[in-house]
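Q: I'm new to this structure and would like a close look at one part of it. Could you walk me through a place where two helices pack together, and set the scene a little before you start?

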Amino acid sequence: MYSDKKNILQLVALLEAHGITKVVLCPGSRNAPIVHTLSTHPGFTCYAMTDERSAGYFAIGLALNGGHPAAVCCTSGTALLNLHPAVAEAYYQNIPLVVISADRPAAWIGQMAGQTLPQPGVFQTLVKKSVNLPEIQTEEDEWYCNRLVNEALLETNHHGKGPVHINIPISEPLFQFTAESLPEVRVITRYQGLNVYDRDYNDLIERLNRYQKRMVIVGQMNLIYLFEKRHTKLLYKHFVWLTEHIGN
């Protein structure tokens, strides 16, 4: 059984969907629902490590060894700050590292509650992306949470590799594990584009034709990007086309 927190369920489902299945887990109470859900799921390989500084560098080693992003999960407060050296290392060595931090609800920040500090954006320029997930109450909250997690995970390999930070506010009760399975989640992918001198669009066309809902946005273009007629015929009538007519 998994945590009943929907933002945690979205995160774990998307980690698996994006192929990020090696996670270093640090102890704590606020992050217990995350730790329980990750360690219970058979698709993840979890490593327990008490010290956050060591955990961060261990996760870097996992990413370097496997060639894929690895994650490290910590509890709220100063535990997160202990990951700062590893985050800096990952940023300057271009290592895809996903930092997952549990947090207190925003209402309790700055109210002298134990282990609370402003966690969103704490790494500033040392991460490629930092997101603060909502606590899900509505369908729109769930859509927004899904979008943020997708954006963060995609950024680990976008225009070079590097670390990202996903912060998760979690309200009490923390220890309700009633979800029998992970939800079916929307997985966003990014097409990285063709080399400007690459005129072979067959792989792109094959990929696009696999989707039921397709849209092409034609913006400002250099002539080198123009499709040949034989490619355009394969796409026309099967797509929604949006054009910006003054953009060449």
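A: Sure! Keep in mind that this is a predicted model. To set the scene, the chain has eight helices and eight strands, and of its 248 residues, 42% are buried. Take the contacts with a separation of 6 or more: 78% of them join residues 24 or more positions apart. On the outside, the chain exposes about 13600 Å², with carbon and sulfur atoms supplying 52% of that.

Now for the close look. Two packed helices are described by the angle between their axes and the distance between the axes. Here the pair is helix H1, residues 6–17, and helix H6, residues 139–155. Their axes lie 10 Å apart, and the packing angle is about 35°. As for handedness, H1 passes H6 in a right-handed crossing.

Who does the touching? On the H1 side, the contact is made by Asn7, Gln10, Leu11, Leu14 and Leu15. H6 answers with Glu142, Cys145, Asn146, Val149, Asn150 and Leu153. Sort the residues in this contact by class and you get six nonpolar, four polar and one charged.

While you're looking around, there's a side stop worth a glance. A search of the whole structure turns up two aromatic pairs. In the pair of Tyr91 and Tyr92, the ring centres are 5.1 Å apart and the planes sit at 90°, so this pair is edge-to-face. Tyr91 has 28% relative accessibility, so it counts as partly exposed, whereas Tyr92, at 63%, counts as exposed.

Key. Residues numbered from 1 in each chain as written. Predicted model: local features only at pLDDT ≥ 70, side-chain atom pairs only at ≥ 80, totals over all residues. Heavy atoms only, no water. Helix = DSSP H or I, 4+ residues; strand = E, 2+ residues; numbered from the N terminus. Buried < 20%, exposed > 50% of the residue type's maximum accessible area, 1.4 Å probe, protein only. Contact = heavy atoms within 4.5 Å. Areas by Shrake-Rupley, 256 points an atom, 1.4 Å probe, with all protein chains shown as cover. Axes fitted to C-alpha atoms, helices over the stretch in contact; angles between N-to-C directions. Left-handed = near helix turned anticlockwise from the far one by under 90°. Nonpolar A, V, L, I, M, F, W, Y, C, P; charged D, E, K, R; others polar. Phe/Tyr/Trp six-rings, centres within 6.5 Å; stacked < 30°, edge-to-face > 60°.
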